[in-house]
Amino acid sequence: MNLTCREKTLELNDVLERIEQSVEIMSVYATDNFESIERLLSDSAYEEQYIQNLSELGLTIANETDGAVAVWGRLSPECTTSKSGFFWVKDMETGRFEDCELTDLSKYEKDDIEHVGWYYIPMEAGKAVWTQPYYNKNIEVYMISYAIPVYKDNEFLGVVGMDIDFNYITEKVDSIEVYETGEAYLTNENFEIVHSKNHEKGTLVKELGESLEAGKNEDVINTDTVYSYTFAGIQKKAAFQTLKNGMCLAVTAPVSEINKTQRKIMGQIVFTEFWAVIIFVCIAWAIARTIVNPLKELDIAAKEIASGNLDVSPTCKSKDEVGTLAESLRETANQLKIRIDYINNLAYVDPLTGIMNNTAYLQEVSLINIDVQKRIGDFTVFVVDVNGLKAINDNYGHDYGNKLIMAATKILTGVFGYENVYRIGGDEFAAIMKNISSEVCGELKQEFESPGGE
């Protein structure tokens, strides 16, 4: 029972960890790209661009996160003169995230969990938090939320977070098979049931049956113990493990089914023991030779992965445990590469245009400065502003403004090359050309300013 519970806990924790990583990416971006509260209060254009960039990142992340029904970021009312932030909510019919109206924090008390708990709980905790399952009245979904308060120089800026449909979690719990008629269910940190196919929500675990308690004089459940109890006249056993979000996964099954499985396994062991010994003696020498070399290769591959080299691929493809381990190492390396590429793409690529962003530009400038100090290499920087973007956004909407940005990107990359162009602001671009002559610079400038390039 404990083994089953631990394995399924690891699977659920992996789901929760991916959600945490998604929100942490937004939190890091929100902190690193924030200048000061003074500028936020005095420069509305800066505030608009900051929220737009963070909103686009949040939308990209939400589309890549299973179970997400909403993603949001909200600036503290003390940091801005107006209601400022973003709120993307998933349309369950189309599967697309829609830009929704922000909740007015002033209309609700701080303890109104169903309306504003997503904001005040992490703010008052001062750290990343998982909420307990709750019904969000703003979008009418039963959910859990992961939220991170954002700070800059120890000043509270606001909160970013993501809402997860609780059904996404409970479906995974309901799919867990525990013997023939056993079940898995979820409790909160006080061991009150929050989801079960057979028990009412809110029921205390130790009230389910006789003798299900953490010792006669204890008030908490021990996650390292398998408990025996009687429910509806049936003797059962249960095991518990704590999840990353503070909830607890429980698995339970009738003792008769557990013993039946154990007796069946013992019978199979006794029946096959004699033949296993004979077969082992006959093939021990052959197995030794076929395992030693693959294990050496796996040892080398594991060390390469640990050192950061993910371009490893063990050649062993046997159908035994060694082959399974080799496949696991290959898959681990592939998944690490995918995850690293995904995070790097979010960090260095502009989500609207697909070209490199301001972070990549600043990194390239740092490298150029090093070359300048060493007096090596030549470079030329072209800086371009897109005129009239704000007017188009104000008069026709951001969709037309985005089309203007995309058109400008196409022209710039056509002249200077895709790999040399950076979007360094809402309407600002830069192109860095290395080791080209002044004549070529003039030709590029002329090509850009020609009627076909404007």
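**Helices and a sheet in a predicted model**

Trainee: At roughly what angle do the axes of helix α9 and helix α10 cross?

Mentor: Happy to start there, and remember that this model is predicted. Helix α9 covers residues 389–396 and helix α10 covers residues 398–416. Their axes come within 7 Å of each other, and they cross at roughly 150°.

Trainee: Which term describes how α9 runs relative to α10?

Mentor: Use the crossing angle, which is roughly 150°. Angles over 145 degrees count as roughly antiparallel. Therefore α9 is, relative to α10, roughly antiparallel.

Trainee: How do the residues of the contact of α9 with α10 divide into nonpolar, polar and charged?

Mentor: Let's look at who takes part. From α9 come Leu 389, Ile 392, Asn 393 and Tyr 396, while α10 brings His 398, Tyr 400, Gly 401, Leu 404 and Ile 405. Sorted by kind, they give six nonpolar, three polar and no charged.

Trainee: Nice! Now the open sheet: which strands stand at the edges?

Mentor: The order of the three strands is β13-β15-β14, with antiparallel pairing. A strand with a single partner has one side left without a neighbour in the sheet, so the edges belong to β13 (379–385) and β14 (421–423).

Trainee: Which residue in β15 does Arg 423 stand opposite?

Mentor: Strand β15 spans residues 428–434 and pairs with β14 over three bridges, in the antiparallel sense. Opposite Arg 423 you will find Phe 429.

Trainee: Which helix packs on the sheet, touching β13, β14 and β15?

Mentor: Two helices are worth a look here. Helix α11 (residues 438–449) lies across β13 and β15, at about 15° to β13. The helix touching β13, β14 and β15 spans residues 358–373 and makes about 35° with the direction of β15: it is α8.

Technical notes:
Residues numbered from 1 in each chain as written. Predicted model: local features only at pLDDT ≥ 70, side-chain atom pairs only at ≥ 80, totals over all residues. Heavy atoms only, no water. Axes fitted to C-alpha atoms, helices over the stretch in contact; angles between N-to-C directions. Helix = DSSP H or I, 4+ residues; strand = E, 2+ residues; numbered from the N terminus. Parallel < 35°, antiparallel > 145°, perpendicular 65-115°, else oblique. Contact = heavy atoms within 4.5 Å. Nonpolar A, V, L, I, M, F, W, Y, C, P; charged D, E, K, R; others polar. Pairing = 2+ DSSP bridges.
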